[in-house]
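Biologist: Please take a close look at the empty space inside this model and at the elements around it. I would like one connected account, with each term given its cut-offs.

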Amino acid sequence: MSNPTQLRAIIIAAHGRHYLAEADGAKLQCVTRGKKTNVAVGDQVRITLTSPDQGVIDKIEERKTLLYRSDQYKSKLLAANLTQLFIVVATEPGFADDLVSRSLVAAEAAGITARLILNKTDVTESLARTRERLQPYASLGYPVHEVSAKAKPDEALAVLKPLLAGQSSILIGQSGMGKSSLINLLVPDADIAVREISAALDTGKHTTTFTRLYQLPELGPDSSIIDSPGFQEFGLYHLSEGMLERAFVDFEPYLGQCKFYNCRHLIEPQCAILTAVAEGKIAKMRHTLYGQLLHESSQTLY
(Lines give C-alpha, C1' and ligand atoms only; values in the text may rest on other atoms or scores of the structure.)
Protein backbone atom coordinates (compact mmCIF):
# COMPACT_ATOMS: atom_id res chain seq x y z
CA MET A 1 0.00 0.00 0.00
CA SER A 2 1.23 3.51 -0.75
CA ASN A 3 2.01 5.82 2.10
CA PRO A 4 -1.15 7.93 2.67
CA THR A 5 0.87 11.01 3.66
CA GLN A 6 3.27 10.76 0.72
CA LEU A 7 2.44 12.93 -2.27
CA ARG A 8 3.76 13.34 -5.76
CA ALA A 9 4.56 17.00 -6.45
CA ILE A 10 6.54 19.32 -8.70
CA ILE A 11 9.06 21.81 -7.34
CA ILE A 12 7.96 25.29 -8.44
CA ALA A 13 10.48 27.49 -6.59
CA ALA A 14 13.77 27.20 -4.73
CA HIS A 15 15.61 29.58 -2.45
CA GLY A 16 18.65 28.27 -0.61
CA ARG A 17 17.57 25.01 1.01
CA HIS A 18 13.88 25.93 1.05
CA TYR A 19 11.58 24.69 -1.68
CA LEU A 20 8.00 25.25 -2.72
CA ALA A 21 6.22 22.31 -4.29
CA GLU A 22 2.81 22.03 -5.90
CA ALA A 23 0.60 18.96 -5.55
CA ASP A 24 -2.94 18.97 -6.99
CA GLY A 25 -3.01 22.76 -6.98
CA ALA A 26 -1.94 23.06 -3.33
CA LYS A 27 1.42 24.62 -2.46
CA LEU A 28 3.67 22.98 0.10
CA GLN A 29 6.76 24.35 1.82
CA CYS A 30 9.45 21.67 1.73
CA VAL A 31 12.91 20.87 2.97
CA THR A 32 15.27 18.05 2.07
CA ARG A 33 16.40 15.38 4.49
CA GLY A 34 19.81 16.23 5.93
CA LYS A 35 21.93 18.78 4.12
CA LYS A 36 21.31 17.64 0.56
CA THR A 37 20.41 20.49 -1.78
CA ASN A 38 20.35 18.60 -5.06
CA VAL A 39 16.72 19.49 -5.82
CA ALA A 40 15.93 21.66 -8.85
CA VAL A 41 12.90 23.62 -9.96
CA GLY A 42 10.94 21.35 -12.31
CA ASP A 43 11.83 18.21 -10.37
CA GLN A 44 9.06 15.67 -9.84
CA VAL A 45 9.36 14.59 -6.22
CA ARG A 46 7.78 12.44 -3.54
CA ILE A 47 6.99 14.34 -0.36
CA THR A 48 6.05 13.14 3.11
CA LEU A 49 3.69 15.61 4.76
CA THR A 50 4.69 16.89 8.20
CA SER A 51 1.70 19.26 8.40
CA PRO A 52 -1.10 20.22 5.98
CA ASP A 53 1.14 22.66 4.08
CA GLN A 54 4.66 21.43 4.85
CA GLY A 55 6.66 18.38 3.99
CA VAL A 56 9.99 16.66 3.55
CA ILE A 57 11.31 15.68 0.12
CA ASP A 58 11.93 11.94 0.21
CA LYS A 59 12.75 11.18 -3.38
CA ILE A 60 13.49 12.90 -6.67
CA GLU A 61 11.97 11.03 -9.60
CA GLU A 62 14.25 10.26 -12.52
CA ARG A 63 14.96 13.40 -14.53
CA LYS A 64 14.59 13.63 -18.29
CA THR A 65 17.00 16.57 -18.47
CA LEU A 66 18.99 18.74 -16.07
CA LEU A 67 20.37 22.19 -16.83
CA TYR A 68 23.06 23.63 -14.62
CA ARG A 69 25.98 25.99 -14.58
CA SER A 70 29.19 25.62 -12.64
CA ASP A 71 32.35 27.44 -11.71
CA GLN A 72 35.66 26.13 -10.47
CA TYR A 73 34.28 25.24 -7.05
CA LYS A 74 30.62 24.27 -7.26
CA SER A 75 27.70 23.71 -9.58
CA LYS A 76 24.29 25.39 -9.46
CA LEU A 77 21.21 23.57 -10.69
CA LEU A 78 19.00 25.76 -12.88
CA ALA A 79 16.07 23.48 -13.71
CA ALA A 80 15.08 19.87 -14.32
CA ASN A 81 12.91 18.16 -16.95
CA LEU A 82 13.16 21.01 -19.44
CA THR A 83 12.46 20.44 -23.10
CA GLN A 84 13.30 23.94 -24.29
CA LEU A 85 15.52 26.90 -23.46
CA PHE A 86 14.90 30.47 -24.58
CA ILE A 87 17.79 32.92 -24.48
CA VAL A 88 16.33 36.42 -24.22
CA VAL A 89 18.34 39.20 -25.82
CA ALA A 90 17.30 42.77 -26.60
CA THR A 91 18.13 45.61 -28.96
CA GLU A 92 19.28 47.53 -25.89
CA PRO A 93 21.06 47.23 -23.54
CA GLY A 94 23.62 45.26 -25.52
CA PHE A 95 23.89 41.54 -24.81
CA ALA A 96 27.04 39.48 -24.27
CA ASP A 97 27.86 37.02 -27.05
CA ASP A 98 29.76 34.93 -24.52
CA LEU A 99 26.63 34.33 -22.45
CA VAL A 100 24.52 33.46 -25.51
CA SER A 101 27.17 31.06 -26.82
CA ARG A 102 27.64 29.35 -23.48
CA SER A 103 23.87 28.98 -23.02
CA LEU A 104 23.62 27.27 -26.41
CA VAL A 105 26.44 24.87 -25.49
CA ALA A 106 24.74 24.13 -22.13
CA ALA A 107 21.44 23.38 -23.88
CA GLU A 108 23.11 21.03 -26.40
CA ALA A 109 25.01 19.21 -23.65
CA ALA A 110 21.78 18.74 -21.67
CA GLY A 111 19.72 17.60 -24.68
CA ILE A 112 17.41 20.64 -24.63
CA THR A 113 16.14 22.53 -27.69
CA ALA A 114 17.48 26.10 -27.76
CA ARG A 115 15.88 29.21 -29.26
CA LEU A 116 16.59 32.92 -29.11
CA ILE A 117 14.05 35.65 -28.41
CA LEU A 118 14.94 39.13 -29.64
CA ASN A 119 12.93 41.51 -27.47
CA LYS A 120 12.36 45.28 -27.78
CA THR A 121 12.19 45.26 -31.58
CA ASP A 122 10.40 48.62 -31.29
CA VAL A 123 13.82 50.17 -30.57
CA THR A 124 14.44 50.47 -34.29
CA GLU A 125 17.74 52.38 -34.32
CA SER A 126 19.66 49.37 -33.00
CA LEU A 127 17.50 46.67 -34.61
CA ALA A 128 19.56 46.13 -37.77
CA ARG A 129 22.82 45.87 -35.82
CA THR A 130 21.28 43.43 -33.32
CA ARG A 131 19.89 41.24 -36.11
CA GLU A 132 23.35 41.19 -37.64
CA ARG A 133 24.85 40.05 -34.32
CA LEU A 134 22.29 37.23 -34.07
CA GLN A 135 22.90 35.98 -37.62
CA PRO A 136 25.76 33.61 -36.63
CA TYR A 137 23.41 31.78 -34.22
CA ALA A 138 20.59 31.63 -36.76
CA SER A 139 23.01 30.19 -39.31
CA LEU A 140 23.82 27.38 -36.84
CA GLY A 141 20.13 26.46 -36.87
CA TYR A 142 18.97 28.20 -33.70
CA PRO A 143 15.70 30.01 -34.45
CA VAL A 144 15.47 33.72 -33.57
CA HIS A 145 11.95 34.93 -32.68
CA GLU A 146 11.38 38.67 -32.72
CA VAL A 147 8.97 40.28 -30.24
CA SER A 148 8.26 43.52 -28.45
CA ALA A 149 6.71 42.54 -25.12
CA LYS A 150 5.77 46.08 -24.11
CA ALA A 151 5.05 47.86 -27.40
CA LYS A 152 3.23 44.99 -29.17
CA PRO A 153 2.08 42.51 -26.49
CA ASP A 154 -0.60 40.81 -28.62
CA GLU A 155 1.85 40.10 -31.44
CA ALA A 156 4.40 38.81 -28.91
CA LEU A 157 1.83 36.40 -27.48
CA ALA A 158 0.92 35.20 -30.98
CA VAL A 159 4.61 34.37 -31.58
CA LEU A 160 5.32 32.74 -28.23
CA LYS A 161 2.22 30.74 -27.32
CA PRO A 162 2.55 28.12 -30.09
CA LEU A 163 6.23 27.66 -29.16
CA LEU A 164 5.39 27.08 -25.49
CA ALA A 165 2.46 24.68 -25.97
CA GLY A 166 3.22 21.24 -24.54
CA GLN A 167 6.77 22.26 -23.62
CA SER A 168 8.62 22.75 -20.36
CA SER A 169 10.57 25.93 -21.12
CA ILE A 170 13.02 28.20 -19.32
CA LEU A 171 13.82 31.85 -20.02
CA ILE A 172 17.40 32.88 -19.37
CA GLY A 173 19.32 36.03 -20.09
CA GLN A 174 21.13 38.98 -18.63
CA SER A 175 19.34 41.59 -16.55
CA GLY A 176 17.66 44.31 -18.60
CA MET A 177 16.62 42.13 -21.55
CA GLY A 178 12.92 42.25 -20.63
CA LYS A 179 12.49 38.73 -19.27
CA SER A 180 10.08 39.92 -16.58
CA SER A 181 7.98 41.75 -19.20
CA LEU A 182 7.70 38.49 -21.16
CA ILE A 183 6.77 36.51 -18.03
CA ASN A 184 4.13 39.08 -17.03
CA LEU A 185 2.72 38.86 -20.53
CA LEU A 186 2.53 35.06 -20.49
CA VAL A 187 1.51 34.73 -16.83
CA PRO A 188 -0.78 37.67 -16.01
CA ASP A 189 -0.79 36.97 -12.27
CA ALA A 190 2.96 36.35 -12.05
CA ASP A 191 3.50 39.28 -9.68
CA ILE A 192 0.98 37.90 -7.21
CA ALA A 193 2.54 34.43 -7.50
CA VAL A 194 5.99 35.87 -6.83
CA ARG A 195 4.77 37.65 -3.70
CA GLU A 196 3.13 34.42 -2.48
CA ILE A 197 6.27 32.41 -3.17
CA SER A 198 8.49 35.03 -1.48
CA ALA A 199 6.30 34.88 1.61
CA ALA A 200 6.23 31.07 1.61
CA LEU A 201 10.00 30.78 1.16
CA ASP A 202 10.68 33.71 3.48
CA THR A 203 12.97 35.35 0.94
CA GLY A 204 12.24 38.86 2.19
CA LYS A 205 12.31 41.34 -0.66
CA HIS A 206 14.73 39.40 -2.85
CA THR A 207 12.07 38.31 -5.29
CA THR A 208 14.44 38.20 -8.26
CA THR A 209 16.97 35.84 -6.73
CA PHE A 210 15.05 32.62 -7.10
CA THR A 211 14.01 30.46 -10.01
CA ARG A 212 10.28 29.78 -10.32
CA LEU A 213 8.00 27.66 -12.45
CA TYR A 214 4.58 28.71 -13.75
CA GLN A 215 2.12 26.22 -15.15
CA LEU A 216 0.49 27.27 -18.45
CA PRO A 217 -2.66 25.09 -18.43
CA GLU A 218 -4.36 27.15 -21.15
CA LEU A 219 -1.64 26.01 -23.56
CA GLY A 220 -2.36 22.35 -22.91
CA PRO A 221 -1.06 19.72 -20.48
CA ASP A 222 2.64 19.72 -19.59
CA SER A 223 3.02 23.36 -20.60
CA SER A 224 5.11 25.38 -18.17
CA ILE A 225 7.60 28.21 -18.15
CA ILE A 226 10.46 28.78 -15.73
CA ASP A 227 11.84 32.23 -15.03
CA SER A 228 15.42 32.35 -13.79
CA PRO A 229 17.32 35.23 -12.21
CA GLY A 230 19.35 37.33 -14.64
CA PHE A 231 23.00 36.33 -14.58
CA GLN A 232 26.10 37.63 -16.30
CA GLU A 233 28.21 34.46 -16.13
CA PHE A 234 27.48 30.95 -17.39
CA GLY A 235 30.24 28.64 -16.23
CA LEU A 236 30.42 25.20 -17.82
CA TYR A 237 33.26 23.72 -15.81
CA HIS A 238 31.33 20.43 -15.50
CA LEU A 239 31.50 19.57 -19.20
CA SER A 240 34.18 17.03 -20.15
CA GLU A 241 36.17 17.20 -23.39
CA GLY A 242 33.94 14.65 -25.08
CA MET A 243 30.78 16.44 -24.00
CA LEU A 244 32.14 19.79 -25.16
CA GLU A 245 33.03 18.82 -28.72
CA ARG A 246 29.59 17.27 -29.18
CA ALA A 247 27.84 20.35 -27.74
CA PHE A 248 29.11 22.51 -30.63
CA VAL A 249 26.65 21.73 -33.44
CA ASP A 250 29.01 23.26 -36.03
CA PHE A 251 31.74 20.75 -35.10
CA GLU A 252 29.52 17.75 -35.75
CA PRO A 253 30.22 17.24 -39.49
CA TYR A 254 33.97 17.08 -38.78
CA LEU A 255 34.14 14.91 -35.66
CA GLY A 256 35.97 11.65 -36.26
CA GLN A 257 37.85 13.05 -39.27
CA CYS A 258 40.97 14.24 -37.43
CA LYS A 259 44.25 12.39 -37.90
CA PHE A 260 44.44 11.53 -34.20
CA TYR A 261 41.48 9.84 -32.54
CA ASN A 262 42.15 11.75 -29.28
CA CYS A 263 42.52 15.12 -31.03
CA ARG A 264 41.62 18.10 -28.81
CA HIS A 265 41.12 20.44 -31.80
CA LEU A 266 43.51 23.07 -30.44
CA ILE A 267 46.94 22.84 -32.13
CA GLU A 268 47.09 19.24 -33.40
CA PRO A 269 48.24 18.57 -36.96
CA GLN A 270 45.67 17.48 -39.55
CA CYS A 271 42.73 18.40 -37.33
CA ALA A 272 39.46 18.52 -39.27
CA ILE A 273 38.00 21.16 -36.91
CA LEU A 274 40.99 23.52 -37.29
CA THR A 275 40.85 23.08 -41.05
CA ALA A 276 37.14 23.99 -41.01
CA VAL A 277 37.93 27.11 -38.94
CA ALA A 278 40.68 28.12 -41.40
CA GLU A 279 38.26 27.65 -44.30
CA GLY A 280 35.58 29.75 -42.60
CA LYS A 281 33.19 26.81 -42.16
CA ILE A 282 33.31 27.19 -38.38
CA ALA A 283 33.29 30.73 -36.93
CA LYS A 284 36.52 31.72 -35.19
CA MET A 285 34.47 33.04 -32.24
CA ARG A 286 33.01 29.57 -31.70
CA HIS A 287 36.37 27.84 -31.77
CA THR A 288 37.82 30.41 -29.34
CA LEU A 289 34.94 29.70 -26.95
CA TYR A 290 35.55 25.96 -27.28
CA GLY A 291 39.20 26.51 -26.30
CA GLN A 292 38.12 28.58 -23.28
CA LEU A 293 35.65 25.94 -22.13
CA LEU A 294 38.21 23.19 -22.56
CA HIS A 295 40.60 25.15 -20.36
CA GLU A 296 37.88 25.70 -17.74
CA SER A 297 36.95 22.03 -17.60
CA SER A 298 40.54 21.22 -16.66
CA GLN A 299 40.39 23.63 -13.68
CA THR A 300 37.56 21.95 -11.78
CA LEU A 301 38.15 21.42 -8.09
CA TYR A 302 35.05 19.42 -7.16
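Modeller: A cavity is a set of points, on a 1 Å grid over the protein atoms alone, where a 1.4 Å probe fits but cannot get out, and its lining residues have an atom within 4 Å of a point. The grid points are joined across faces, edges and corners, and a volume is the space filled by probe spheres set on the points. This is a predicted model, in which local features need pLDDT of at least 70 and side-chain atom pairs count only at pLDDT 80 or more, whereas totals for chains, interfaces and linings use all residues. Residues are numbered from 1 along each chain as its sequence is written, and side-chain values use heavy atoms, with hydrogens and water left out.

By this rule there is one cavity of 30 Å³ or more, and the largest cavity holds about 30 Å³ of space. Its lining is made by Phe 86, Ile 117, Leu 160, Leu 164, Leu 171, Leu 186 and Ile 225. Sorted by class, these are seven nonpolar residues, with no polar and no charged ones (nonpolar: Ala, Val, Leu, Ile, Met, Phe, Trp, Tyr, Cys and Pro; charged: Asp, Glu, Lys and Arg; polar: the others, Gly among them).

Two of the lining residues, Ile 117 and Leu 171, are also touched by Val 88, a residue of strand β8 (helices, H or I with at least four residues, and strands, E with at least two, are DSSP runs numbered from the N terminus). Val 88 counts as buried because its relative accessibility is 1% (buried is under 20% relative accessible area, exposed over 50%, partly exposed in between, with a 1.4 Å probe and protein chains only). Besides those two, and not counting residues up to four places away in sequence, Val 88 touches Asn 119, Ile 172, Gly 173, Met 177, Lys 179 and Leu 182 (contact means heavy atoms within 4.5 Å). Lys 179 is 91 residues away along the chain, yet its C-alpha atom and that of Val 88 are separated by 6.7 Å.

The loop between β8 and α1 contains Pro 93, and the peptide bond leading to it from Glu 92 is cis, with omega near -5 degrees. Lys 120, in the loop between β9 and α2, has a phi near 65 degrees, a positive value in a residue other than glycine. Both features stand out because most residues other than glycine have a negative phi, and most peptide bonds are trans. Lys 120 is partly exposed, because its relative accessibility is 23%.

Helix α2, residues 127-139, has 13 residues that at 1.5 Å each should span 18 Å, and its end C-alpha atoms are indeed 18 Å apart (the expected span is 1.5 Å times one less than the number of residues). Even so, α2 bends by about 35 degrees at Arg 133, with a proline, Pro 136, following within four residues (the bend is the angle between axes fitted to the seven residues ending there and the seven starting there). Its buried residues are Leu 127, Thr 130, Leu 134 and Tyr 137, and what covers them includes β8 (84-90), α1 (97-110), β9 (113-119), β10 (144-146) and α8 (284-297). Just after α2, Gly 141 takes a positive phi of about 105 degrees.

Of the elements covering α2, helix α8 has buried residues that pack against α1, α6 (241-247) and α7 (272-278); these residues are Arg 286, His 287, Leu 289, Tyr 290, Leu 293, Leu 294, Glu 296 and Ser 297. Its 14 residues should span 20 Å, which agrees with the 20 Å between its end C-alpha atoms. In α1, to which Ala 106 belongs, that residue is buried at a relative accessible area of 5%, and it is in contact with Leu 67, Phe 234 and Leu 236 once neighbours within four places are left aside.

Finally, there is open space to set beside the cavity: a pocket is an open set of points with protein on both sides within 12 Å along at least five of seven lines. The largest pocket has a volume of about 420 Å³ and 17 lining residues, of which Gly 16, Thr 37, Val 39, Lys 76 and Leu 77 lie nearest its centre. β1 (6-15) and β7 (75-80) are the elements that give two or more residues to this lining, and β7 supplies the largest share, four residues. Its lining comprises nine nonpolar, six polar and two charged residues, whereas that of the largest cavity has no polar and no charged residues.
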